[in-house]
Amino acid sequence: MPYETITGLEQLIERLQGYDPEADVELVRRAYAFSAKAHEGQIRRSGEPYLQHPLAVAGVLTSLRSDVTAVAAGLLHDTLEDTLATSDELEHEFGKDVVHLVDGVSKIGKIHFRNYEEKQAENFRKMVLSMADDIRVVLIKLADRLHNMRTLEHLHEVKQKQIAQETLEIYAPLASRLGVGWMKNELEDLCLKYLKPDIYAGLKLRVAKREEQRQQYIEEVMQHVRQALADSGMPGEVQGRSKHLYGIYQKMERQSISFEEVYDLAGVRIITDTKMNCYGILGIIHSLWRPVPGRFKDYIAIPKSNLYQSLHTTVASLQGEHVEFQIRTDEMHRIGEQGIAAHWKYKERGQLEEKDGKAFSWLHQFVEWQRDLTDNRQFMDSVKLDLFHDVVYVFTPKGMVKEMPLGSTPVDFAYAIHTEIGDHCVGAKVNGKIVPLRYQLKSGDTVEILTSATQVPHKDWLKFVRTSRAKTKIKHWLKVEEQKRSLEIGRRLLEREFRRHDLPPAQILKSDRLLAVARESGYETTDEMAAAVGYGLQGTTQIVNRLLSLGSDPSHQAAPEEQGTVRAKAGKREEREVKVKGSRDLLMQLSRCCNPVPGDRILGYITRGRGLTIHSVGCPNLDALDYDKERLVEVTWDTTSPSIHAVKVSVLAVDKTGVLANVSSSISESESNIRRAEITTREDRKAILDFIIDVTDTTHLDRVLKAIERVDGVITARRVRAWQER
């Protein structure tokens, strides 16, 4: 478990020497003195000296039992970014290893980015590549993020939500993948505090009220276990453990239940000496109480990718209440608490032991996959997909275990083995039987991929593959093929237009005059321009006119395009102005699948014959199309003239008198009109209230949803898009 926040240098050194008596404490003292001088006069938003932040970060690193080099780098991690200190100074004072770590953590502060998403992607890309050759980089970054989250109350609300959302999507899952469970739990709880403050406060109050009663019950369960272990002569330390708030919230959301229906707020952990005794104690627990079917997991036989090992079982214990037990050895417990930090060799620059390096091969594989993604939005989407998932464990025909995201298909499995196998995958056998390519793999499946030299990737595969690697490889192949077809079509169209004007196609296509027209139009080569014609992005008449004009006046230049504004219509919805880069005369429409609202991040996609369709970023339909990047157009909302948008909202509530009236009232009080309402009751005494309401933008929508969630009896309230209902 983490220690209290460090408040002074001597406390930091004492904690470091507690697990590494031979640590070079003089290096830490010099790093502290350098940081104090570099940050002199700087004050944090909280009003305390800035030095308290790097000191706290170094303290978190000692909680992870980091080596002295990492602790020193933690004290210096902001000096390159926020002070006048240089890399040369740091290297002269502290050596190359410390500079390498500090530079890996530092943000890219001198490059101009178009938006926050691009900056976020480049900063994270740099950190990912740095941690590939020294895992300590990411541990310092996690320690930095943890302390920033602990002091987030001093920032503006908008910034709080932005940082909390990024933490929930990237840093908490990263801590989980690295096996640092306590840090993942604390980060998630802090994110919930700032993203859903009302829910967080309510859960905290409810958990506190039930804590005393629950603790008494768990203590009674533990006494039964201790007595059973003593009677059998089996060694084991029995501990109680509490479920963190975000875990409770997730369970309520996932199972659509109220807080009162969450029974496993606390559990029991048993720590013993050997693996054999873990299974022995499991037998004792199952002899005391009946195990709950489907709730046993053996992470000792098949460890998680972060080397986590433990037996998990849930039993119906005293009075029939469900209690989850975790059974592990001392070594498993140490790894469960420290994660990857328990594995590196201190003296070899953040490198892992060979046996542990193989277990963490996903990290290097993850880095390699990201090298193929140059588009920042795709990069961040794949980061979130690869980090934040449940897993299944499947076997190759030779018995090797492969960890795959939950929902993976044989096509994902094929691409995980090799790109060539994925590209030529024609079928699969699971447990000896032929299955469809969209079959979702289950833990324990043995998968054999069938290939054919004539098989090629299909666009339909994008509808069911789960991993970012498979999606990236399929999109890349489709994009190359689409470019070939578009080039061929474009050349044919140009040749036909040249003939109409009595121009010799073969000569013109190879001429310098056509190359000049291409460059004047913004293309590097005539092939690029021909491909644009094939896509429908460039007209042949315009090219011929420029070609003829260039023949009589070589200095002719087309006027640069300026940013224009086009009105978008979608069915009977009110007009809404959307700014588009380039004054293209395009028909526009708002996508019905994601129903974007001002405040959503949006992108335009050019469809042949249908003009420009505006999608929300993250829309699955857009994701299935974006391999063809030439058709993506940057667009933004023009907020100068507010308008009304219809949005679907779904509310899950307890089925009791007055809930519908109170929810309707909360919507009206939030200055929103209800266009339509539909109520469905379920057998478990829950009601689903679906509304179509009017909002002006996402800020207005958030205000409405918060008002609904405050209504007594409401469990959840969320926005619903058309693609989520399929």
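The protein chain contains 28 helices and 21 strands, where helices (H or I, at least four residues) and strands (E, at least two) are DSSP runs numbered from the N terminus. The model is a predicted one, in which local features need pLDDT of at least 70 and side-chain atom pairs count only at pLDDT 80 or more, while totals for chains, interfaces and linings use all residues. Residues are numbered from 1 along each chain as its sequence is written, and side-chain values use heavy atoms, with hydrogens and water left out.

Of the 726 residues of the chain, 52% count as buried; buried means under 20% relative accessible area, exposed over 50%, and partly exposed in between, with a 1.4 Å probe and protein chains only. Contacts (heavy atoms within 4.5 Å) often span long stretches of sequence: among those between residues at least 6 apart, 65% join residues at least 24 apart.

A good place to begin is the interior. A nonpolar core is a set of buried Ala, Val, Leu, Ile, Met, Phe, Trp, Tyr and Cys residues joined through side-chain atoms within 4.5 Å. The largest such core has 74 residues, of which L12, V28, M149, M183, L203 and I248 touch the most other members. Leaving aside neighbours within four places in sequence, L203 is in contact with L192, L245, I248, Y249, M252 and F259. Apart from this core lies another, of 26 residues, among them I218, I270, V315 and F325.

Helix α9 (residues 136-150) packs against helix α10 (residues 157-177) at an angle of about 140 degrees, with the axes 11 Å apart. Axes here are lines fitted to C-alpha atoms, for helices over the stretch in contact, and angles run from 0 to 180 degrees between N-to-C directions. The angle makes α9 oblique to α10, since angles under 35 degrees count as roughly parallel, over 145 as roughly antiparallel, 65 to 115 as roughly perpendicular and the rest as oblique. From α9, V138, K141, L142, R145 and M149 make the contact, and α10 contributes I163, A164, E166, T167, Y171, L174 and A175.

Next come the strands, which pair if DSSP finds at least two bridges between them. Strand β9 (residues 425-430) has two antiparallel partners: five bridges join β9 to β11 (residues 447-451), and three join β9 to β10 (residues 433-435). V430 has V447 of β11 as its bridge partner, whereas K429 is matched with I434 of β10. Two residues lie between the strands in the hairpin of β9 and β10, where N431 takes a positive phi near 55 degrees.

Further along the chain, an open sheet of four strands follows the order β19-β20-β18-β21 with antiparallel pairing. Its edge strands, β19 (674-681) and β21 (714-720), each pair on one side only. On average, neighbouring strands of this sheet are turned by 20 degrees against each other, direction ignored. Seven bridges connect β19 to β20 (residues 686-695), and E678 stands opposite D690 in β20.

Helices accompany this sheet. Helix α28 (residues 698-709) lies across β18 (645-654), β20 and β21, running at about 160 degrees to β21. The axes of α28 and helix α27 (residues 659-669) come within 9 Å and cross at roughly 150 degrees, which makes α27 roughly antiparallel to α28. Between these two helices, V663, S666 and I667 of α27 meet V704, A707 and I708 of α28.
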